[in-house]
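Reader: I'm new to protein structures and would love a close look at one buried spot, followed outward to whatever surrounds it. Could you walk me through it in plain steps?

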Amino acid sequence: LSCVYRTGQRFGVNYLIDVLTGSGQERIERFGHNKLSTYGIGKDLDTHQWRSVYRQLVALGYLSVDVDGHGSLRLTDSCRPLLRGEQSLSLRLDIKKPAATRKSGKFSSRIKEHQQQFWDVLRETRKQIAMQQGVPPYVVFHDSTLMEMMENKPQTQAQLQQIQGVGEKKLEKYGAAFLRVIQQHLQSTPEASDSDTYADTLALYQSCHDVAEVAAKRALKVTTVYTHLSELIASGQLQLGDIAEISAADTALIQASMLESLDLETPRLKPVFELLQGEYDYGILRCVLADFMLGRCA
């Protein structure tokens with residue numbers, strides 16, 4: 001915390017760790033931070049452990065991350081008793097696991113063998129961006145957001161912004177990098193070899209007419225199945241009326257809300273979702289939107 005303060009609350013985790021561990025980088029000397037009392041006092045912990053310390057300090061509310069300021073860490077009022085020595089603090093000491101034994105957390109069971117490489121590339125892209133900005137990876141995107149990217153494979157900025165966790169600011173900052181990764185994956189992976197296809201979803205849905213059942217059998221989120229169905233509607237392979245979970249009354253209400261709140265130049269579902277007070281899942285809204293736009297283009 002003292003290192004954050006003494007360096008002016010202008011730097012991210014990577015730089016702060018370099019100061020604490022006594023890195024001889026020219027940048028540190030240029031700023032004169034090699035003369036600080038906190039320079040080199042943290043050599044007893046490795047970089048991984050220091051990252052854990054900073055993650056915990058952020059989680060406990062002693063530090064905040066300035067996302068607009070390239071991930072710089074800033075002190076909060078809560079840290080004053082700690083800096084003054086009036087309060088003690090115990091943190092978890094992380095032991096770095098060998099890379100080969102690391103798991104993908106709670107999502108590991110949902111990742112199929114043929115998806116593993118794509119998942120790893122998405123996580124590595126996030127890691128590199130996080131390291132460049134000196135922030136924890138979750139500040140870039142949570143695992144749940146990467147999972148939706150892997151399952152839905154958005155190919156445009158408009159499609160990417162429909163993924164939960166991708167707001168306007170993050171789309172602007174990180175969108176191009178992740179769209180590039182997705183495009184490279186699609187070009188290098190033959191669609192026929194990827195069982196996570198719209199055609200598989202269509203065949204299964206036509207046999208059971210139950211989105212939840214399709215999601216369970218394919219180990220996908222319900223929202224992801226609806227996204228597949230929306231793409232099938234947009235391509236003319238499926239009719240909105242074929243989706244049992246969306247009644248004619250639902251369709252009329254949602255389309256009326258779209259006429260009231262939708263910007264047809266850059267159709268985003270958030271205004272519609274908010275106007276309907278969250279009554280309908282984003283997946284359902286995507287299906288109705290696909291049919292709505294198809295009708296306007298006809």
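**Starting from one threonine**

Author: With a relative accessible area of 7%, T227 is buried, because anything under 20% counts that way. Before we go on, please keep in mind that this is a predicted model. You will find T227 in helix α13, which covers residues 222-234. Leaving aside residues up to four places away in sequence, T227 touches N152 and R286.

Let's stay with α13 and move along to L229. This leucine is one of the residues with the most contacts inside the largest nonpolar core, alongside I243, I254, M258 and C287. That core has 31 residues. Which helices each supply at least two of them? They are α11 (198-208), α12 (211-218), α13, α14 (248-261) and α16 (282-297). The biggest giver is α16, with 8 residues. Not counting residues up to four places away in sequence, L229 touches T201, Y205, V211, L238, I243 and C287. Apart from this core lies another one, of 24 residues, including I111, L122, I129 and I182.

C287 deserves a second glance, since it is a contact of L229 and also has a relative accessible area of 0%, which makes it buried. Another cysteine, C79, is buried as well, at 2% relative accessibility. How many disulfides does a search of the whole structure find? The count is 0. In case the word is new to you, a disulfide is a covalent bond between the sulfur atoms of two cysteines.

Now back to the helices around the core. Helix α12, one of those that supply at least two core residues, also carries a salt bridge between E213 and K217, whose closest N and O atoms are 2.9 Å apart. The two partners lie 4 residues apart in α12, about one turn of the helix. Are they buried or out in the open? E213 is partly exposed, with a relative accessible area of 31%, while K217 counts as exposed at 53%.

That salt bridge is one of 6 in the whole structure. Another joins the side chains of D143 and R123, at 3.1 Å from N to O. Here D143 lies in helix α8 and R123 in helix α6 (residues 116-133), so the pair ties together parts that are 20 residues apart in sequence. R123 counts as partly exposed, at 25% relative accessibility. There is a wider link too: R123, R126 and D143 are joined in a network of salt bridges.

Next come the rings, since the structure holds 7 aromatic pairs. Take Y15 and F31 as an example: their ring centres are 6.2 Å apart and their planes stand at 85°, so this pair is edge-to-face. Because Y15 lies in helix α2 (residues 13-20) and F31 in helix α3 (residues 26-31), the pair ties together parts 16 residues apart in sequence. Y15 counts as buried at 5% relative accessibility, whereas F31 counts as partly exposed at 34%. A second pair is made by F141 and F178, with ring centres 5.2 Å apart and planes at 75°, so it is edge-to-face too. This pair links distant parts of the chain, 37 residues apart: F141 sits in the loop between α7 (137-140) and α8 (143-152), and F178 in helix α10 (residues 168-188). F141 is buried at 1% relative accessibility, and F178 is buried with a relative accessible area of 0%.

F31 makes a good last stop. Together with F11 and Y15, F31 forms one aromatic cluster. Two arginines also come into view at this ring. R10 lies over the face of F31, at 5.6 Å from the ring centre, and the charged end of R30 sits over the ring of F31, 5.4 Å from its centre. R30 has another partner: its side chain meets that of E26 in a salt bridge (2.6 Å, N to O). R30 and E26 are 4 residues apart in helix α3, so about one helical turn separates them. R30 counts as exposed, at 52% relative accessibility.

So the walk began at T227, buried at 7%, and ended at R30, exposed at 52%.

Methods
Residues are numbered from 1 along each chain as its sequence is written. This is a predicted model: local features need pLDDT of at least 70, side-chain atom pairs count only at pLDDT 80 or more; totals for chains, interfaces and linings use all residues. Side-chain values use heavy atoms; hydrogens and water are left out. A nonpolar core is a set of buried Ala, Val, Leu, Ile, Met, Phe, Trp, Tyr and Cys residues joined through side-chain atoms within 4.5 Å. Buried means under 20% relative accessible area, exposed over 50%, partly exposed in between (1.4 Å probe, protein chains only). Contact means heavy atoms within 4.5 Å. Rings of Phe, Tyr and Trp (its six-membered ring) pair if their centres lie within 6.5 Å; planes under 30 degrees apart count as stacked, over 60 as edge-to-face and the rest as tilted. A charge sits over a ring if NZ of Lys or CZ of Arg is within 6 Å of the ring centre and within 35 degrees of the ring normal. A disulfide is a pair of cysteine sulfur atoms within 2.5 Å. A salt bridge is a side-chain nitrogen of Lys or Arg within 4 Å of a carboxyl oxygen of Asp or Glu.
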